[in-house]
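Biologist: I have a structure open on my screen and would like to walk through it with you. Could you help me make sense of a pocket, some helix contacts and a few backbone oddities?

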Amino acid sequence: MSDLKSMYRAMSEDPFPEDLTIRLGDQELVFRKRTWTIGGERKGLRYGENPDQPAALYELADGGLTLGGVSFRGPGQGLVSALTEEHMLQAGKHPGKTNLTDVDNGLNILQYLTAKPAAVILKHNNPCGAAWTEEGLATALTRAFESDRIAAFGGAVVVNRALDEATAKIIDSAYFEVVAAPDYAPAALETLKRKKSLRILKIPGIAQLPKLVGEPFLDLKSLMDGGIVVQLSFRNRILKPGDFLPARADKDGSTFLARTPSAQEAEDLIFAWAVEAGVTSNSVIFARNGATVAIGTGEQDRVGCVELTIHKSYTKYADLLAFREQGLSLYQLKEKAQQDEESAKILSDIERRTAEARGGLAGSVLVSDGFFPFRDGVDVALAQGITAIAQPGGSIRDHEVIEAVNQAKPQVAMVFTGQRSFKH
């Protein structure tokens, strides 16, 4: 077993060159490989997605790109790719790909959430909890963590404000592998460094995230046959409530219109749509009061995604009650309940309260990265007491989906984004 564990600590030999040049017509992008001296050893990435996959990180160092009249992000705007030893306040060992891509996707989300202190917790390159609030970073992180305490275990924390001591204590109270922030208060850094295995990254460029919004980068997708799909990166067009489109559909001479969201509903939809930019498709997000309630990722059908996300929300809600009140995870409590009558009563009460609260979904809003091809997914969500929906629109059954929210008691709001937010 010790030999198996050692593969996660070992460095994979890196055969990649120091320079990488991409030429598109007569335009060139020149990249430099990023390496770090840690523990007296100068190396790049420890390994790729898995320990037996050598990998390298490259930073855009020179050149520029304009296609179709659109200018791409250029040199000098690096964030994760620009990390040096100076930014690794505590490294432990050379980073692997997944550590850095989790942080990168956190920044992908946070670029749209710069107006307030915000925190995102990521695992396997998907957010498991996110929140923003004027109440400060510690509150945001607490709400993000409580969105999915189970999935947050061993995750990466990414925040958009200088990390203070109160926020550091929250991180110290649980197990995380990576934390990234634009800066750290001295007391916060002292607290975080108590855990020697925690990677602490300082990324000053987080403060410049608003400047990157709307400016694409070259997005490359490799095929298993060695081919490459080249695309402009996703650009979120929904940055304020006025960017939403009215949910309207015309069918057989009739016009179907949905209720307009309230100010609070619109703000939660803006927030959830920003988080959606970092979620693997097919996905939906439930959110309330600036925090995710449940995030559904990577499903093949939309109604199934909604159903599984609801199931997740019930599980996470019950787990949070069990942890707060009994100091046990939901699974530990269930195990104990098999042998102990009092624990069985406690579990039954938690399950009853979870059902009454509908897993925390009542009063939340829902966003979907793709349109609803049928009203079934919407009907399933409506049964949980949601109040507003944002989705791309464009289905031939949009009129049925609008009918669904209009028939709800009380009537549920809906808006269209006018863009899809798939991420594969």
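Biologist: What volume does the second largest pocket have?
Modeller: Happy to help, and please keep in mind that this is a predicted model. The second largest pocket is lined by 16 residues, and Glu146, Ser147, Arg288, Thr292 and Leu320 lie nearest its centre. Its volume is about 380 Å³.

Biologist: Which element gives the largest share of the lining of the second largest pocket?
Modeller: Three elements give two or more residues to that lining: helix 3 (137-147), strand 20 (291-296) and helix 7 (302-326). By class, the lining residues divide into 5 nonpolar, 6 polar and 5 charged. The largest share, 6 residues, comes from helix 7.

Biologist: Are helix 7 and helix 9 parallel or oblique to each other?
Modeller: Their axes come within 9 Å, with helix 9 spanning residues 341-356, and they cross at roughly 135 degrees. The crossing is right-handed. On the helix 7 side the contact includes Tyr314, Tyr317 and Leu321, and on the helix 9 side Ile346, Ile350 and Arg353 are among the residues. An angle of roughly 135 degrees lies between 115 and 145, so the two helices are oblique.

Biologist: And how are helix 3 and helix 4 oriented to each other?
Modeller: The axes of helix 3 and helix 4 (residues 165-172) come within 8 Å and cross at roughly 25 degrees. Leu137, Ala138, Leu141 and Thr142 of helix 3 meet Ala166, Thr167, Ile170 and Ile171 of helix 4, a contact with 6 nonpolar, 2 polar and no charged residues. Angles under 35 degrees count as roughly parallel, so helix 3 and helix 4 are roughly parallel.

Biologist: Which residue does a cis peptide bond join to Ser281?
Modeller: Most peptide bonds are trans, so a cis bond deserves a look. Here omega is about -5 degrees. The partner sits in the loop between helix 6 (263-276) and strand 19 (284-288), and that partner is Asn282.

Biologist: Where does Pro410 lie?
Modeller: A cis peptide bond joins Lys409 and Pro410, with omega of about -5 degrees. Pro410 is in the loop between helix 11 (398-407) and strand 23 (413-416).

Biologist: What phi does Asn125 have?
Modeller: Most residues other than glycine have a negative phi. Asn125, in the loop between strand 9 (118-123) and strand 10 (126-132), is not a glycine, yet its phi is positive, about 65 degrees.

Methods
Residues are numbered from 1 along each chain as its sequence is written. This is a predicted model: local features need pLDDT of at least 70, side-chain atom pairs count only at pLDDT 80 or more; totals for chains, interfaces and linings use all residues. Side-chain values use heavy atoms; hydrogens and water are left out. On a 1 Å grid over the protein atoms alone, a cavity is a set of points where a 1.4 Å probe fits but cannot get out, and a pocket is an open set with protein on both sides within 12 Å along at least five of seven lines; lining residues have an atom within 4 Å of a point. Grid points are joined across faces, edges and corners, and a volume is the space filled by probe spheres set on the points. Helices (H or I, at least four residues) and strands (E, at least two) are DSSP runs, numbered from the N terminus. Ala, Val, Leu, Ile, Met, Phe, Trp, Tyr, Cys and Pro count as nonpolar, Asp, Glu, Lys and Arg as charged, and the others, Gly among them, as polar. Axes are lines fitted to C-alpha atoms, for helices over the stretch in contact, and angles run from 0 to 180 degrees between N-to-C directions. Angles under 35 degrees count as roughly parallel, over 145 as roughly antiparallel, 65 to 115 as roughly perpendicular and the rest as oblique. A crossing is left-handed if the near helix is turned anticlockwise from the far one by less than a right angle, and right-handed if clockwise. Contact means heavy atoms within 4.5 Å.
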